[in-house]
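I opened a notebook for a structure I had not looked at before. The entries below are in the order I looked things up.

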Amino acid sequence: MSPRPTAYECKVSNSDFRADVTSGKWQSYMAYASGVYFACEDDLISRADVPLHCGLIVLRGDRWRAAKKPVLRPVNVPEEAWLKLLIDGVEREG
């Protein structure tokens with residue numbers, strides 16, 4: 001089974017979410033991700049507002065829960081992108 005990288009778009013307000021959905025910003029992640037989750041605090045975004053193939057995770061108290069799962073698809077991430085992610089991660093861990 002090949003890796004299934006997943007993108008998480010963190011939203012701090014409903015207007016932030018609407019701007020990204022309207023502009024299609026989240027679709028740019030699909031070149032590198034099998035699926036996209038929108039992440040927000042409780043009740044900021046409703047399941048019905050999330051684009052068709054995207055997921056939603058919600059923070060309630062101190063726990064995250066999946067309110068809607070994304071439709072995952074195969075993706076071929078370029079080798080250069082994997083290397084950049086690995087190098088960036090190593091640098092952050094310091």
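The notes that follow cover one lysine, the salt bridges, a core, a helix and one loop residue.

**Entry 1. Starting point**

I note at the outset that this is a predicted model.

**Entry 2. Lys 11**

I looked up where Lys 11 sits, and found it in the loop between β1 (6–10) and α1 (14–23). Is Lys 11 buried or exposed? I read a relative accessible area of 6% for Lys 11, and I wrote down buried because the limit for that class is under 20%.

I then listed what Lys 11 touches, leaving out residues up to four places away in sequence. The list holds Asp 16, Phe 17, Asp 20, Phe 38, Ala 39, Cys 40, Leu 44 and Ile 45.

**Entry 3. The partner of Lys 11**

I looked for a charged partner and found that Lys 11 forms a salt bridge with Glu 9, with 2.8 Å between the closest N and O atoms. The two side chains are also listed as a polar contact of 2.8 Å. Glu 9 has 7% relative accessibility, so I entered Glu 9 as buried too.

**Entry 4. Other salt bridges**

How many salt bridges are there in the model? I counted eight.

I checked Asp 20 and Lys 25, whose side chains meet in a salt bridge at 3.9 Å, N to O. For this pair I noted that Asp 20 is buried, at a relative accessible area of 8%, whereas Lys 25 is partly exposed, at 36%.

I then asked which residues are linked in a network of salt bridges. The network I found is made of Glu 9, Lys 11, Asp 16, Asp 20 and Lys 25.

**Entry 5. A pair in helix α2**

I found another salt bridge between the side chains of Lys 84 and Asp 88, at 2.7 Å, N to O. Lys 84 and Asp 88 both lie in helix α2 (residues 79–93), and about one helical turn separates them because they are four residues apart. An α-helix has 3.6 residues a turn, so residues three or four places apart point the same way. I noted Asp 88 as partly exposed, at 24% relative accessibility.

**Entry 6. Helix α2 as a whole**

I checked the length of α2 against its residue count. For its 15 residues at 1.5 Å a residue, α2 should span 21 Å, and its end C-alpha atoms are 21 Å apart, so the two agree. I also looked up burial along α2: the number buried is one of 15 residues, so α2 lies largely in the open.

**Entry 7. The largest nonpolar core**

I turned to the largest nonpolar core, which has 14 residues. The members that touch the most others are Trp 26, Val 36, Phe 38, Ile 45, Val 50, Cys 54 and Leu 56. I noted β2 and β3 as the elements giving two or more residues to this core. The largest share, three residues, comes from β2. As background, nonpolar side chains tend to be buried together in soluble globular proteins.

I picked Val 36 and listed its contacts, setting aside neighbours within four places in sequence. Val 36 is in contact with Ala 7, Trp 26, Tyr 29, Met 30, Cys 54, Gly 55 and Pro 70.

**Entry 8. Asp 43**

My last lookup was Asp 43, in the loop between β2 (35–41) and β3 (55–60). Its phi is near 65°, a positive value in a residue other than glycine. I entered Asp 43 as exposed, because its relative accessible area is 63%.

How values were computed:
Residues numbered from 1 in each chain as written. Predicted model: local features only at pLDDT ≥ 70, side-chain atom pairs only at ≥ 80, totals over all residues. Heavy atoms only, no water. Buried < 20%, exposed > 50% of the residue type's maximum accessible area, 1.4 Å probe, protein only. Salt bridge = Lys/Arg side-chain N within 4 Å of Asp/Glu carboxyl O. Core = buried A, V, L, I, M, F, W, Y, C linked by side-chain atoms within 4.5 Å. Contact = heavy atoms within 4.5 Å. Expected span 1.5 Å × (residues − 1). Polar contact = N/O pair within 3.5 Å; in protein donor to acceptor, adjacent residues only side chain to side chain.
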